[in-house]
Amino acid sequence: MSLTIIGLGPGPADYLTVKAHRLLQAATEVHVRTRHHPALRELGNLSLVAYDDATELEKIAAPLLALDREQRVLYAVPGHPTEDASARYLASAGSEQGLAVEVVAAPGLRQAAMAALGGGSDGSGAQGFTASC
């Protein structure tokens with residue numbers, strides 16, 4: 001089994017990477033930290049297994065790690081995967097079991113908040129820009 005942890009970004013599906021969008025659309029089943037995320041609503045007909053009521057990390061990780069070793073498991077979380085305790089725990093537990101763990105990043109909730117407040121992502125209040133060719 002391979003485990004792919006997908007960041008859903010801080011809001012609408014516009015924040016998803018192309019890779020995350022492609023993986024979610026192609027999946028037969030997606031495990032999610034919460035089904036109440038704008039990107040999931042926008043993507044529509046996804047078969048979701050949600051862990052909204054899980055309060056202990058083990059209650060999320062155990063069923064995912066017990067799935068068929070032949071399938072690819074997708075676990076999606078709000079924001080960037082490193083901002084979510086369940087994603088970090090699952091990645092660590094999966095690696096310890098010898099699973100191939102892939103993380104598909106997305107903008108984090110912190111970065112979105114700083115941008116909305118007009119500050120730099122480092123908390124300095126500095127404005128920045130990027131250029132692309």
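Two strands are said to pair if DSSP finds at least two bridges between them. The legends below use this term for a predicted model.

**Figure 1. Strand 2 and strand 3 at one end of the sheet.**
Strand 2, made of residues 30-32, pairs with strand 3 in the parallel sense, and three bridges join the two. Valine 32 has alanine 50 of strand 3 as its bridge partner. Both strands belong to an open sheet of five strands, whose order is 3-2-4-1-5 and whose pairing is parallel. Strand 3 and strand 5 are found at the edges, where each has a single partner strand, so one side of each is left without a neighbour in the sheet. On average, neighbouring strands of this sheet are turned by 25° against each other, direction ignored.

**Figure 2. Helix 4 on the sheet.**
Helix 4 comprises residues 85-96 and packs on the sheet. The helix touches strand 1, strand 4 and strand 5, and its direction makes about 155° with that of strand 4.

**Figure 3. Strand 1 and its two partners.**
Six bridges connect strand 1 with strand 4, and these two strands run parallel. Within this pairing, isoleucine 5 stands opposite tyrosine 75 of strand 4. Strand 1 also pairs with strand 5 (residues 100-104), again in the parallel sense, over five bridges. Here serine 2 stands opposite alanine 100 of strand 5. Strand 1 is mostly covered, as five of its six residues are buried.

**Figure 4. The surroundings of threonine 4.**
Threonine 4 is part of strand 1, which spans residues 2-7. Its relative accessibility is 1%, and threonine 4 therefore counts as buried, since the limit for a buried residue is under 20%. The side chain of threonine 4 makes a polar contact of 3.1 Å with the side chain of arginine 72. Leaving aside residues up to four places away in sequence, threonine 4 touches Leu23, Arg72, Val73, Leu74, Tyr75, Glu102 and Val104.

**Figure 5. A network of salt bridges.**
The structure holds two salt bridges, and Lys19, Arg72 and Glu102 are linked by them in a network. In one salt bridge, lysine 19 is joined to glutamate 102, with the closest N and O atoms 2.3 Å apart. This pair links distant parts of the chain, because lysine 19 belongs to helix 1 (residues 18-26) and glutamate 102 to strand 5, 83 residues apart. Glutamate 102 also forms a salt bridge with arginine 72, where the closest N and O atoms are 3.0 Å apart. Glutamate 102 lies in strand 5 and arginine 72 in strand 4, so the pair ties together parts that are 30 residues apart in sequence. Each member of the network is partly exposed: the relative accessible area is 38% for lysine 19, 24% for glutamate 102 and 41% for arginine 72.

**Figure 6. The aromatic pair of tyrosine 51 and tyrosine 75.**
A pair of aromatic rings is described by the distance of the centres and the angle of the planes. A search of the whole structure finds one such pair. Tyrosine 51 and tyrosine 75 form this pair, with 6.4 Å from centre to centre and 70° between the planes. The arrangement is edge-to-face, because planes over 60 degrees apart are counted in that class. Tyrosine 51 is located in the loop between strand 3 (48-50) and helix 3 (57-65), and tyrosine 75 in strand 4 (residues 72-77), so the pair ties together parts that are 24 residues apart in sequence. Both rings belong to buried residues: tyrosine 51 has a relative accessibility of 11%, and tyrosine 75 has one of 0%.

**Figure 7. Histidine 37 in its loop.**
Histidine 37 is located in the loop between strand 2 and helix 2 (38-43). With a relative accessible area of 4%, histidine 37 is buried. A polar atom of the histidine 37 side chain lies 3.0 Å from the backbone oxygen of glycine 9. When residues up to four places away in sequence are not counted, histidine 37 touches Leu8, Gly9, Pro10, Gly11 and Pro78.

Terms used. Residues are numbered from 1 along each chain as its sequence is written. This is a predicted model: local features need pLDDT of at least 70, side-chain atom pairs count only at pLDDT 80 or more; totals for chains, interfaces and linings use all residues. Side-chain values use heavy atoms; hydrogens and water are left out. Helices (H or I, at least four residues) and strands (E, at least two) are DSSP runs, numbered from the N terminus. Buried means under 20% relative accessible area, exposed over 50%, partly exposed in between (1.4 Å probe, protein chains only). A polar contact is a pair of N or O atoms within 3.5 Å; within protein, one must be able to donate a hydrogen and the other to accept it, and residues adjacent in sequence count only if both atoms are side-chain atoms. Contact means heavy atoms within 4.5 Å. Rings of Phe, Tyr and Trp (its six-membered ring) pair if their centres lie within 6.5 Å; planes under 30 degrees apart count as stacked, over 60 as edge-to-face and the rest as tilted. A salt bridge is a side-chain nitrogen of Lys or Arg within 4 Å of a carboxyl oxygen of Asp or Glu. Axes are lines fitted to C-alpha atoms, for helices over the stretch in contact, and angles run from 0 to 180 degrees between N-to-C directions.
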